[in-house]
2 protein chains.
Amino acid sequence: MSTPKILILGAGYGGLLTALQLQKKLNYNEADVTLVNKHTYHYITTWLHEPAAGTAPADHARVELDGIIDKSKINFLKGVVESIQPDEQTVTLKDKRVLSYDYLVIGLGSEPETFGIEGLKEHAFSIRSINAVRQIREHIEYMFAKYKNEPERTEYLTIVIGGAGFTGIEFSGEVADRIPELCKEFDVDPSLVKVYNIEAAPTALPGFDKELVDYAMDVLTRKGIQFRINTPIKQCTPEGVILATGEEIKAGTVVWTGGVRGNSIVEKSGFEVMRGRVKVDEYLRAPGYDNVFVVGDCALIFNDQGRPYPPTAQIAVQEGENCGSNLVALIRNDKMTPFVPALQGTLASLGKGEGIGIVGQKKVFGSTAALLKKGSDLRYLYKIGGVGLALKKVRL
Amino acid sequence: MSTPKILILGAGYGGLLTALQLQKKLNYNEADVTLVNKHTYHYITTWLHEPAAGTAPADHARVELDGIIDKSKINFLKGVVESIQPDEQTVTLKDKRVLSYDYLVIGLGSEPETFGIEGLKEHAFSIRSINAVRQIREHIEYMFAKYKNEPERTEYLTIVIGGAGFTGIEFSGEVADRIPELCKEFDVDPSLVKVYNIEAAPTALPGFDKELVDYAMDVLTRKGIQFRINTPIKQCTPEGVILATGEEIKAGTVVWTGGVRGNSIVEKSGFEVMRGRVKVDEYLRAPGYDNVFVVGDCALIFNDQGRPYPPTAQIAVQEGENCGSNLVALIRNDKMTPFVPALQGTLASLGKGEGIGIVGQKKVFGSTAALLKKGSDLRYLYKIGGVGLALKKVRL
C-alpha cells in the first residue's frame with residue numbers, strides 16, 4: 001500500500017489549521033501532505049481592516065508559513081490554483097503543473113460578492129488580501145496628496161465604505177482613527193474629510209443584538225462616520241457611488257465590504273454551490289466526493305434552525321481542526337467525528353480601545369470588548385505559532 | 001510724509017531673505033513691510049528631492065514662517081498672487097484683494113520649463129513644492145501597491161527622471177536609496193524596478209567639471225540608475241515617454257526636472273522677460289520701474305562674460321540680502337549697493353553619504369562633498385532661523 005497523498009489548497013484559517021492538525025497528529029511517513037498557497041505567508045484576515053486604513057503596517061497582519069509549518073511533515077508549494085478535476089483526483093495550477101491526490105482539502109477562501117451592483121467590481125476596492133489592503137492604504141494617501149495639488153477637488157477626501165457588516169464597521173472605526181493622522185501629515189482641514197458608511201439592510205450589523213448595534217453606531221458617528229442605513233448602492237462609478245435614492249456621493253475612494261462568496265474556482269470545477277459555497281456533509285465533504293473536504297469560506301453549513309452559518313474565522317479554524325483530525329482517522333481506518341461548531345462569541349473592534357461583542361450570553365462594550373478581542377486574537381496566534389508568535393504580534 | 005509701503009511677493013529664498021534683511025535693519029515704523037505667500041511656511045527647495053523620493057518626510061524641508069518672521073516688523077499675509085499692475089503700483093490676489101505698494105519685491109519663483117515637449121505638462125510630475133513632492137512620493141508608493149495586484153504590469157515599477165541637471169541628479173540619488181526600502185515594504189523583486197535618467201544635452205550636469213560628472217554618473221550607475229544621455233524626450237504619454245530615437249519607455253512615474261522658467265505671472269503682468277525671467281539692472285530692478293525689485297528665479301542676471309547665471313538658491317539668497325539692504329538705503333536716502341554674486345561653490349548630493357562639488361577652486365567627492373553640503377545647509381538654516389532651527393533640522 002502506498003502512502004496516501006493529502007493535498008490542501010490554501011493556507012487561510014481553514015487550510016492552515018488542517019495542515020497544523022495533520023502536522024501535530026500524523027506520524028512520519030503516515031501520509032504525504034502538500035499545502036499549496038499563493039503566497040509564502042498566511043494572513044490574519046480579521047485584522048486586514050487595520051492596514052487597509054493605515055493604522056497598522058501590512059506586515060503585522062501576516063505570518064510567514066516558514067515559521068509555523070514543519071517541513072519534515074508538510075510539503076509547501078507556492079502556487080496559484082487554476083482548477084480542480086475531482087473525477088481525476090487532480091488539481092491544475094496557473095503554471096500548468098498538475099498535482100494528484102488521494103484526499104483533497106479545499107480552503108480557497110472567498111471573493112467579493114457584488115450582488116450585481118454595476119461598476120463595483122471595476123471601481124471599488126475590497127479588503128481581501130495583504131496586497132489589496134496595501135493598495136487601499138496607498139490609494140487613500142494618494143488621494144490626500146492629490147487634493148493638495150487640486151484643492152477644488154474636495155471629493156478626493158471622501159471615503160465611501162459600502163456595507164455595515166463586521167468588516168465594514170471595523171474598517172469604519174480604523175478609518176475614523178486614521179483621518180486625524182492623514183490630515184496632519186498632508187495639512188488638510190479635517191472638516192473637509194467625509195466618510196460614509198452605506199448599508200442596504202434596514203440595520204447595521206444585521207442579525208446582531210440591537211443594543212450593541214446602537215452602541216457601535218453611536219461610537220462611530222461621534223468619530224465622524226456618516227451612516228446611510230437602509231440605502232442600497234445602485235451603481236459605483238469612477239467618481240463615486242449613486243444610491244438607490246438617486247443621490248450621488250462623489251468619492252475618491254470606495255471600499256466594498258458588503259459581502260463575500262466562495263472562491264469561483266470551486267464552482268468552475270463542477271462542484272454544486274450556493275453563492276460559491278459547497279453545502280458539505282457532516283464531515284465537511286463535498287456531495288458525491290468522499291475524498292474532498294471543504295473548509296472555511298468555501299463551505300456552507302447550517303445550524304439547527306436550518307439557517308446558514310456566516311463565513312467567519314472562528315468557524316473556519318474549527319473546521320480545519322475537525323478536517324485534520326478526520327483525515328488522520330480515515331488514514332488509520334478510525335471513525336470520523338462530525339463537525340459541530342462551538343461558537344464562543346463575537347467581538348468587533350470600533351477603532352483603538354473601542355469595541356462591542358457577545359461572549360457566551362454576555363454583551364460587552366468599549367474597552368472591555370476591545371481587550372477581549374485582543375485576547376481572542378492572541379489565543380489564535382498561540383494556536384498557530386506558539387507563545388513566540390503571540391508575543392511578537394501583540395499590540396496593546 | 002507717510003510711511004513707505006514695501007510689499008514682498010513670495011517667501012522663497014529671495015523674498016524671505018529680503019524680508020529678514022528688512023526685519024534686521026529697519027527701525028520700528030520706518031516702513032510698512034508686508035510679505036505675501038501662498039503658504040504659512042517657507043520651504044527649502046534644494047532639499048525637495050528627498051521627500052519626493054520618500055527618503056525624508058516633507059515636513060523636514062519646510063520651515064513655518066511664524067518662527068522666523070518678527071510680526072512686530074513684518075506683516076504676513078497668506079494669499080496667492082494673481083497679477084501685478086506696476087503702473088498702478090498694486091497687486092491683485094486670487095481672492096480679489098488688492099494691495100498697494102511704494103516698493104515691490106517680486107520673488108515668485110519658477111515653474112517647470114517643458115520646452116514644448118508634448119504631454120510633459122499633463123503627465124509628468126515636477127519637484128517644485130511641498131505639495132508636489134508629497135504627491136510624487138505617494139504616487140511612487142501607489143504604483144508599487146498597484147503592481148502587487150496586477151503583477152503583469154511591471155512598468156508600474158519603472159521611474160523615468162527627465163533631466164540630468166542638479167535636481168535630476170540629486171533626485172536620482174535619492175530614488176536609488178529609496179528603491180530597496182520600497183521593495184522590502186511591498187515584497188517586490190528589486191530586479192524588476194527600473195530607474196531611467198534621460199538627458200537631452202550631450203552630458204549630465206551640463207557645464208560642470210567633467211571629472212565630477214563622471215564620478216556622479218559612476219556612483220549613480222552603480223546604484224542602478226540607467227542613463228540615457230544625449231537623448232531628448234520627444235513625448236510624454238499616460239504610459240511613459242517616447243524618446244527622439246523612437247524608443248518607448250513605459251513607466252508608472254515620470255518626473256520632469258529638465259528646467260525651470262520664471263513664474264508666468266511676471267510676464268502676464270507686462271514685464272519684459274526672457275524665459276519668464278526679468279533682465280534686472282545692477283540693483284535688481286525691473287526695466288522702467290525703479291520701485292520694482294526682482295529676486296530669485298524671476299530675475300535674470302549676467303556674468304562678466306555676458307552669460308546668464310543659473311537660477312540657484314545661493315544667488316537668490318544673496319539677491320534677497322542685497323535687495324533688503326538697498327530698500328533700507330532707499331528709504332533713508334542712502335546710496336544703494338550694486339548686486340554682485342559671490343559664488344562660494346556648488347555641491348550636489350548623490351544619495352546618502354555621497355556627493356560631488358566644487359568649493360573655491362577645489363573639487364570634492366564622496367562623503368567629503370556630502371558633509372560639506374550638510375554644512376552649507378546648516379549655514380543657511382542658521383542664517384534664517386538661528387541656531388535653534390539649524391539644530392532642529394540637522395540630519396547627519
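Two residues are in contact if their C-beta atoms, placed from the backbone, lie within 7 Å. The legends below use the term in this sense, and they describe a predicted model.

**Figure 1. Surroundings of Leu99(B) in strand S8 of chain B.** Leu99(B) sits in strand S8, which covers residues 98-100 of chain B. Leaving aside neighbours within four places in sequence, the contacts of Leu99(B) are Leu7(B), Thr34(B), Thr90(B) and Val91(B). Leu99(B) counts as partly exposed because 19 C-beta neighbours lie inside 10 Å, and a residue is called buried at 20 or more. Lys148(B) is 49 residues from Leu99(B) in sequence, and the two C-alpha atoms are 52 Å apart in space.

**Figure 2. The β-α-β unit of S13(B), helix H6 and S14(B).** The unit is right-handed, and its helix, H6 of chain B, spans residues 210-222. Strand S13 (residues 194-198) and strand S14 (residues 225-228) of chain B run parallel and are joined by 4 bridges. Within this pairing, Asn197(B) has Phe227(B) in S14(B) as its bridge partner.

**Figure 3. An open sheet of 3 strands in chain A.** The strand order is S20-S21-S23, with mixed pairing. Strand S20 (273-274) and strand S23 (299-300) of chain A are the edge strands, each pairing on one side only. Strand S21, residues 277-279 of chain A, pairs with S23(A) in the parallel sense over 2 bridges. Lys279(A) has Leu300(A) as its bridge partner in S23(A).

**Figure 4. The loop position of Lys335(A).** Lys335(A) lies in the loop that follows helix H8 (313-331) and leads to strand S24 (345-349) of chain A. Is Lys335(A) buried or exposed? Lys335(A) counts as exposed, because it has 8 C-beta neighbours inside 10 Å and the exposed class takes residues with 12 or fewer. The C-alpha atom of Lys335(A) is separated by 47 Å from that of Thr55(A), at 280 residues along the chain.

**Figure 5. Contacts between chain A and chain B.** On the chain A side, 13 residues are in contact with 13 residues of chain B. Which element of chain A gives the most to this side? Helix H4 (residues 130-149) of chain A does, with 12 residues. The side of chain A that touches chain B has, by class, 5 charged, 4 polar and 4 nonpolar residues.

**Figure 6. Domains and overall dimensions of chain A.** Domain 1 of chain A is assigned the segments 5-38, 79-112 and 260-343, and domain 2 is assigned 120-256. Taken over C-alpha atoms, the centres of the two domains are separated by 34 Å. The secondary structure of chain A comes to 9 helices and 26 strands. Along the principal axes, the C-alpha atoms of chain A fill a box of roughly 75 × 40 × 40 Å. The radius of gyration of chain A is 22 Å, which agrees with the value near 21 Å for a compact globule of 396 residues. Of these 396 residues, 48% count as buried. Among contacts in chain A between residues at least 6 apart in sequence, 65% join residues at least 24 apart.

Key
Residues numbered from 1 in each chain as written. Chains lettered and ligands numbered in written order. Predicted model: local features only at pLDDT ≥ 70, side-chain atom pairs only at ≥ 80, totals over all residues. Domains from an automatic or database assignment. Nonpolar A, V, L, I, M, F, W, Y, C, P; charged D, E, K, R; others polar. Rg over C-alpha atoms; globule rule 2.2 N^0.38 Å. Pairing = 2+ DSSP bridges. Right-handed = clockwise from strand over helix to strand, strands pointing away.
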